[in-house]
Amino acid sequence: MKKHLDKKFLLKDSKTFCMLPWVHLQVDPNGDVKPCCLADFNQKVGSLKENSLKEIWNNEAERELRRNMLSEKQSALCARCYEHESAGQMSTRRSSNKDFSHHFEKIVTTTEEDGTVPEFHIKYMDIRFSNICNFRCRTCGPQLSSRWHRDMVKIYPDSWKKVSWPGPAIIKVVNNSHINWEEIEELLPNLEEAYFAGGEPLIMEEHYQILKLLADKKLYHVKLRYNTNFSEMKYKKLDVMKIWNEFETVEIGASLDGAGKRGEYIRKDTKWEKIEENRRRMLEVCPDVSFWVSCTVSLMNAWHLPDFHRDWVEKKLIRVEEFHENILLFPEHYRVQALPARYKDKIREKYLKYLDEIKDEPDNERALRFFQTILTFMDQKDLTCHLPDFREYTRTLDRIRNERFEDVFPEYEGLMDDKPVNFDER
């Protein structure tokens, strides 16, 4: 197939091509395998309960995905990247083409006409070993948080298993799938990057097993990248900050969606003082480790984000550019696009004022893009049709958790006033 491939076009100008199906497979705690973590949770290319990673590598779903990418045909699996790109966001597809372009000649050009890649190449590992987590984030659920299980049972006391996650509170991929530690260990010598997410990776035994295996093999060049709630920096007798100093490249994306009481509400079980304490300690113990705030941008925190950004910059906990967007697409009732026009107008006014404030700050390009991308995305659709779901789901969780949205987000006065639907009858 080599003669049919235009490297420059595919890596730079293509609207569909992504390097990931040639260097990566992603595994969820239940054993589902996806082309990457951005693929919709209900879509997959295979399951480790039925096949091994090596078998899935060239199954029909993976081969079709590669064929589509090479022929400029969109795939449903990639819908989130397409939507992020339409708002001007740096998508996972685009960043992956940049990060793994050096494999194009040796791997992509070996692709056969049916989409087969003869050799099994995992350069980028993302195995969600379990859903173990110490938080109950509003935008999450029991699939990726063991602590969410009890709240979901309360929401659906009789029928939750039919409409939510069927299974135990704790889900572990190695327990019931075609993968074991010997197979995982075989992947490590060829790795360039290991991505740890959750659940919460910093309280997972398997995360530390991987770090030990990498250290035992002296594979300190493997990049470690994290998505963490940044609450627990020590596990048993291990101090992860000190371990990070042993590796050449470590990048921490801290899932923080707001400061103070807003952050504690959105990411339930957060102790905000502890988060700031951990960041200060990190600056002392491992100052060379890359860090940024990875915000999940939703209806709830959109108005507050300039305040959060300003607060942490002024406290010198981050630089201006260390604030990255992750625009929420699902569930749709949490999208910023679900806000009525009067609230969007308030957010737009606030963002434009803040953009003017930081326009002369050094290294401000990413921050400027962060806020402008949210505005672009916000104005692309009117999804106020999902507000009844937002109101009722929020009231349901508020009742279970003894909270009140209006008390935490006074900027959205009136948002919860309309008559709700009956969530239990939907």
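**A friendly note on pockets, helix pairs and cavities**

1. Let's start with an open space. The lining of the second largest pocket is a mixture by class: five nonpolar residues, four polar and five charged. Keep in mind as you read that this is a predicted model.

2. How big is that pocket, and who sits around it? The volume of the second largest pocket is about 290 Å³. Its lining has 14 residues, and those nearest the centre are Lys54, Phe120, Glu183, Glu186 and Leu187. Two elements each give two or more residues to this lining, namely helix H3 (53-57) and helix H9 (181-187). Of these, H9 gives the most, with three residues.

3. Now for a pair of helices. At what angle do the axes of H15 and H16 cross? Helix H15 (residues 341-358) and helix H16 (residues 365-380) have axes that come within 10 Å and cross at roughly 160 degrees. Because of that angle, H15 is roughly antiparallel to H16. The crossing in which H15 passes H16 is left-handed.

4. Have a look at the side of each helix that takes part. H15 brings Lys344, Ile347, Arg348, Tyr351, Leu352, Tyr354, Leu355 and Ile358 to the contact, while H16 brings Ala367, Leu368, Phe371, Gln372, Ile374, Leu375, Met378 and Asp379. Sorted by class, the H15 and H16 contact has 12 nonpolar residues, one polar and three charged.

5. A second pair makes a nice companion. The axes of helix H7 (residues 148-155) and helix H17 (residues 387-401) come within 11 Å, crossing at roughly 115 degrees. H7 and H17 are therefore roughly perpendicular to each other, and their crossing is right-handed. On the H7 side the contact uses Trp148, Asp151, Met152, Lys154 and Ile155; on the H17 side it uses Tyr393, Thr396, Leu397, Ile400 and Arg401. Six of the residues in this contact are nonpolar, one is polar and three are charged.

6. Next, the enclosed spaces. How many cavities of 30 Å³ or more are there? The count comes to two. The largest cavity holds about 110 Å³ of space. It is lined by 15 residues, with Cys18, Cys36, Met69, Cys78 and Cys81 closest to its centre. Helix H2 (20-23), helix H5 (79-86) and helix H6 (92-99) each give two or more residues to that lining, and H5 gives the most, with three. By class, this lining has 12 nonpolar, one polar and two charged residues.

7. Finally, the second largest cavity has a volume of about 40 Å³. Among the residues lining it are Phe135, Asn229, Asp257, Arg267 and Trp272. The lining of this cavity divides into three nonpolar, five polar and two charged residues.

Definitions and conventions
Residues numbered from 1 in each chain as written. Predicted model: local features only at pLDDT ≥ 70, side-chain atom pairs only at ≥ 80, totals over all residues. Heavy atoms only, no water. 1 Å grid on protein atoms, 1.4 Å probe; cavity = no way out; pocket = protein on both sides within 12 Å on 5 of 7 lines; lining within 4 Å. Points joined across faces, edges and corners; volume = space filled by probe spheres on them. Helix = DSSP H or I, 4+ residues; strand = E, 2+ residues; numbered from the N terminus. Nonpolar A, V, L, I, M, F, W, Y, C, P; charged D, E, K, R; others polar. Axes fitted to C-alpha atoms, helices over the stretch in contact; angles between N-to-C directions. Parallel < 35°, antiparallel > 145°, perpendicular 65-115°, else oblique. Left-handed = near helix turned anticlockwise from the far one by under 90°. Contact = heavy atoms within 4.5 Å.
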